[in-house]
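User: I would like to go through the labels attached to this model and see what each one rests on. Please set the values against the definitions.

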Amino acid sequence: MHTTSQYAVPIAQPEITDEEKRRVIEVLASGRLVAGRWVGEFEERFAAYVGAAHAVATSSGTAALMVAVEAAGIAPGARVITTPFSFGATANALLHRGARPLFVDIDPRTYNLDPDAVAAALDRAPDVRGLLLVHLYGLPCRMDAFEAMANARGLVLLEDAAQAHGAAFRGRRVGAAGAAGIFSLYPTKNLMTGEGGLLVTNDDAVADTARLLVNCRSRTPYIYEILGYNFRMTEMAGALGATQLTHLEARNARRREHARRLTAALADLDWLVVPYEPPGCLHVYHQYTLRVPRVRDRLIEHLNAHGVGNRVYYPVPIHRTPLYMREGYGTARCPEAERAAREVVSIPVHPGLDDAALDRVIRAIRSFVPHRS
Ligand SMILES: *Cc1c(COP(=O)(O)O)cnc(C)c1O
């Protein structure tokens, strides 16, 4: 992550208000650095925000994913359908459990798992136990289709909403549709605590198991019932997160406004494709991602030269990385994910952008000459 960026307009920029700083200093001054009031308060407020019965705070999104897979009852050896076009932590959480990801291709317009491809994969692999969705870039998956499939086949439905705090499908915020959902609180995410994560669920038993896994202290001190970890959140992170949450809606609205302006200024260019927001989906633009066939890498050089931050999320689909090749996934065929990895680039959309920064991004892209004569 670039904290001191070489770019005039960075791709990400954590927003921390004076109130947020004050809250963290208050925690430090109190001397109560763990197991105080803030983590519990943050959990309650976040659960209410996404419409879940429970939220369990963790030390990272990756930790929340590992706990979600285990608490939801995915057993070693179980096969779980997921997307190859995500951050590696998504599929890694399955490998950590000894479960086996089954990579299915994405919809080239949304970059999320393609419901038709998932339905076809389920017909071919009736032993599949679960579905691990990713709401990539802040765009919700087609939840109507995936919930129907999960219900019809008794699948464990999990959501990686690490990039999608506040995103909604048909008015319902993502994260709490299935057995468990997770969020990351990494500094670049829409809601952040430095490092941190949240697991949300409506299932009392999943919440209970998740708490025992996150905090190996167990119900009765030193009487262990379950093989737990220490994935706890600190009070400093809890205070920062609870205070950040009061700004989330306004910051998401600014991301959406920036995305609207970028799309209005770029949609006429015939050499790129702007993001697609399907009907019924509220996109929270964790990333604003262009598809640039053929000339993506030249555009990146041009953006670098013009001080415009940019990043490819993700340059290699998970099944083509060395780890997954060694795990035997090299022959998986996901042509749309592979094409997206060659063609996408994300540009600044974060709430810290002002008019001058947005204009600079737009001018840089419009001044690019895609066809060499
Ligand atoms: C950020 C991210 C994670 C991991 O979260 P951390 O807090 O960095 O551990 C998992 N999945 C996706 C899709 C992410 O973007």
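Analyst: Two strands count as paired if DSSP finds at least two bridges between them. The model is a predicted one. By that rule, three strands form an open antiparallel sheet in the order E7-E6-E10.

User: What makes E6 and E7 a pair?

Analyst: Strand E6 (residues 168-169) is joined to E7 by two bridges, and the two run antiparallel. The definition asks for at least two bridges, so E6 and E7 qualify as a pair. Within this pairing, Ala168 has Arg173 of E7 as its bridge partner.

User: Why do E7 and E10 stand at the edges?

Analyst: Strand E7 (172-173) and strand E10 (281-282) each have a single partner strand, so one side of each has no neighbour in the sheet.

User: How do you know that Asp160, Gln163 and Lys189 make polar contacts with the ligand?

Analyst: The cut-off is 3.5 Å between N or O atoms. An N or O atom in the side chain of Asp160 is 2.8 Å from a nitrogen atom of the ligand. Gln163 places a polar side-chain atom 2.8 Å from a ligand oxygen atom, and for a polar side-chain atom of Lys189 the distance to an oxygen atom of the ligand is 3.0 Å. These distances lie within 3.5 Å, so each pair is a polar contact.

User: How much of the ligand is buried, and where does the ligand sit?

Analyst: The ligand alone exposes 380 Å², and the protein buries 93% of that. The ligand sits in the largest pocket. That label requires more than half of the ligand's atoms to lie within 2 Å of the pocket's grid points.

User: What makes up the shell around the ligand?

Analyst: The ligand is surrounded by 16 residues, with Gly61, Thr62, Gln163, Ser184 and Lys189 the closest. By class, the shell holds six nonpolar, eight polar and two charged residues. Helix H3 (61-71) and helix H4 (89-96) are the elements that give two or more residues to the shell; H3 gives the most, with three.

User: Why single out Tyr285 and the bond between Tyr313 and Tyr314?

Analyst: Most residues other than glycine have a negative phi, and most peptide bonds are trans. Tyr285, in the loop between E10 and strand E11 (288-291), has a positive phi of about 45 degrees. The peptide bond joining Tyr313 and Tyr314 is cis, with omega about 15 degrees. Tyr314 belongs to the loop between helix H10 (296-305) and helix H11 (322-326).

Conventions
Residues are numbered from 1 along each chain as its sequence is written. This is a predicted model: local features need pLDDT of at least 70, side-chain atom pairs count only at pLDDT 80 or more; totals for chains, interfaces and linings use all residues. Side-chain values use heavy atoms; hydrogens and water are left out. Helices (H or I, at least four residues) and strands (E, at least two) are DSSP runs, numbered from the N terminus. A residue is near a molecule or strand if one of its heavy atoms lies within 4 Å of it. A polar contact is a pair of N or O atoms within 3.5 Å; within protein, one must be able to donate a hydrogen and the other to accept it, and residues adjacent in sequence count only if both atoms are side-chain atoms. Accessible areas come from the Shrake-Rupley method with a 1.4 Å probe; for residues, only the protein chains shown count as cover. On a 1 Å grid over the protein atoms alone, a cavity is a set of points where a 1.4 Å probe fits but cannot get out, and a pocket is an open set with protein on both sides within 12 Å along at least five of seven lines; lining residues have an atom within 4 Å of a point. Ala, Val, Leu, Ile, Met, Phe, Trp, Tyr, Cys and Pro count as nonpolar, Asp, Glu, Lys and Arg as charged, and the others, Gly among them, as polar.
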